[in-house]
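Biologist: I am new to this structure and would like a close look at the packing of its interior. Please explain each term as you go, and then follow the chain outward to whatever adjoins that part.

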Amino acid sequence: MTPGNEPLLCPFDFSEGLEFDPSLAKLMGRDSLSRIRLPYGQGDAWLVTGFEGVRQVTSDQRFSRAAIIGTDYPRLTPEPIVSPESVNVMDPPHSSRLRHLASQAFSQRQVERMRERITRLADTLLDEMEAQGPPVDLVEHLSNPLPRRTIFDVLGIPEADWDRMQEYVHQLLATGPDSREQAAAAKAELRAYFGEQVEQRRRAPGPDLISALAAAREGEDTLDDQELAVMALTLVLSGQDTATCQISDIVYLLLTRPALVQRLRERPETLTATLHEILRYIPFRKGVGIPRVALEDVEIDGVLIRAGDYVHVSYLTANRDPERYPDPDLIDPDRPNLPHMTFGWGGHRCIAVPMAMAELEVAIGRLLERFPELRLAVPPGEIRWDTETIRRFPLELPVEW
């Protein structure tokens, strides 16, 4: 171990609104990489925080996600969230093959069809919200149901199964020390469920995403049943984990920054660019995600990482790197368009980004259009935030108009 890099205990449990985790900020300020110890798993890990360092680790095949399979790797949740067969823990060329096949289901034509469905779902939810009248909880009326209904709808999951699927997802993302057994059972149930769904779509394809994934091919190569089932499970987790939190987080930020809302109402054509800047800014999760293992000795930022070492990266700190984003703690809609890492980077960037952005554009765009006087119904300090999972989002978001 390099002198001065004794492992730091990092629970990464900060949950105060959308303030940046001070422990992460402190780690960003260190002159070199840090060794960290997380609440679960064996051993320590290096933490890479700078944008260029994170880019290197996520793009360099000397760092392997596949190598964590079968190990008790350092993490924030009692039960590993990711399935061993998931594309999220594959390395090229295996991951490249799956990503290439799966990306065919997110073509521009497919995404535009999804956008139409998302718009119909959003308008229905906003109709119901308007009919109830203020004040209402935006989490209950839009943030929670829209991503859930969207991903279940586009996957073709029967509506009768939606509540059960949602409960499994929540159990799998829990961070409490007593939640491991329940999380493992939830993962097994989801795997079995999507295995059955894949078999049904093989027999009777429909206009849904699982059928589109089943039809994807490159020559004679296609996704097999297990790959399809795990891909569907991965999309359910990432589709809700990102969009559910981000709709609430974005609306909270907009409603506590009137100048941003005014800008979007005066210049609606800037919505997509403004959303990307807000996504860069939001600390959308706690700490770190899935680590990698160094396959050989590698030097980063003057630190020698030994073969076999675990390496975590922080997309949150990379998004706040002042060398890439001047004044990174400010939301600047006029900031030059530089890609951020909220959806990942390199070979593990989320394949469903087109669908996620369509969802956010529709949700925020239609909300501001339908409710021009939208505002928080309680002081920001009274809003309760999630403390039980790896995510950062308000449990309730009371609004009025």
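Modeller: What follows starts with the nonpolar cores, then turns to individual residues, and ends with the largest pocket and the backbone.

This is a predicted model, in which local features need pLDDT of at least 70 and side-chain atom pairs count only at pLDDT 80 or more, while totals for chains, interfaces and linings use all residues. Residues are numbered from 1 along each chain as its sequence is written, and side-chain values use heavy atoms, with hydrogens and water left out.

A nonpolar core here is a set of buried Ala, Val, Leu, Ile, Met, Phe, Trp, Tyr and Cys residues joined through side-chain atoms within 4.5 Å. Buried means under 20% relative accessible area, exposed means over 50%, and partly exposed lies in between, with a 1.4 Å probe and protein chains only. In soluble globular proteins, nonpolar side chains tend to be buried together. The largest core holds 113 residues, and the members that touch the most others are F12, F106 and F194. Its main contributor is helix α10 (residues 225-255), which gives 15 residues, the most of any element. Helices (H or I, at least four residues) and strands (E, at least two) are DSSP runs, numbered from the N terminus.

F194 gives a picture of the packing: apart from neighbours within four places in sequence, F194 is in contact (heavy atoms within 4.5 Å) with L155, I157, I210, A229, A232, L233 and V236. A second core is separate, has 19 residues, and includes V48, V54, V298 and V303.

Helix α10 also holds T234, which counts as buried because its relative accessibility is 13%. The side chain of T234 has a polar atom 2.8 Å from the backbone oxygen of V230. Beyond residues up to four places away in sequence, T234 touches S86 and N88. By contrast with these contacts, I118 lies 20 Å from T234, C-alpha to C-alpha, and 116 residues from it in sequence.

Another buried polar residue is S143, in helix α5 (residues 138-143); S143 counts as buried because its relative accessibility is 0%. A polar contact of 2.6 Å links its side chain to that of S248. A polar contact is a pair of N or O atoms within 3.5 Å; within protein, one must be able to donate a hydrogen and the other to accept it, and residues adjacent in sequence count only if both atoms are side-chain atoms. Setting aside neighbours within four places in sequence, S143 is in contact with L138, T244, I247 and S248.

V57 belongs to helix α2 and is buried, because its relative accessible area is 0%. Its contacts, again without neighbours within four places in sequence, are V48, F63, R292, I300, V311 and V313. The C-alpha atoms of V57 and V298 are 9.8 Å apart, although their positions lie 241 residues apart along the chain.

Helix α2 brings us to the largest pocket, which encloses about 400 Å³ of space. On a 1 Å grid over the protein atoms alone, a pocket is an open set of points with protein on both sides within 12 Å along at least five of seven lines, unlike a cavity, where a 1.4 Å probe fits but cannot get out; lining residues have an atom within 4 Å of a point. Grid points are joined across faces, edges and corners, and the volume is the space filled by probe spheres set on the points. There are 20 lining residues, and M28, T49, G50, D301 and D321 lie nearest the centre. Two elements, α1 (22-28) and α2 (51-59), give two or more residues to the lining, and α2 has the largest share, with 3. The lining divides into 6 nonpolar, 7 polar and 7 charged residues; Ala, Val, Leu, Ile, Met, Phe, Trp, Tyr, Cys and Pro count as nonpolar, Asp, Glu, Lys and Arg as charged, and the others, Gly among them, as polar.

Finally, the backbone. Most residues other than glycine have a negative phi, and most peptide bonds are trans. F12, in the loop between β1 (8-9) and α1, has a positive phi near 45° and counts as buried because its relative accessible area is 3%. D301 has a positive phi near 50° in the loop between β9 (298-300) and β10 (303-305), but D301 counts as exposed because its relative accessibility is 53%. A cis peptide bond joins P92 and P93, with omega about 5°, and another joins P134 and P135, with omega about -5°.
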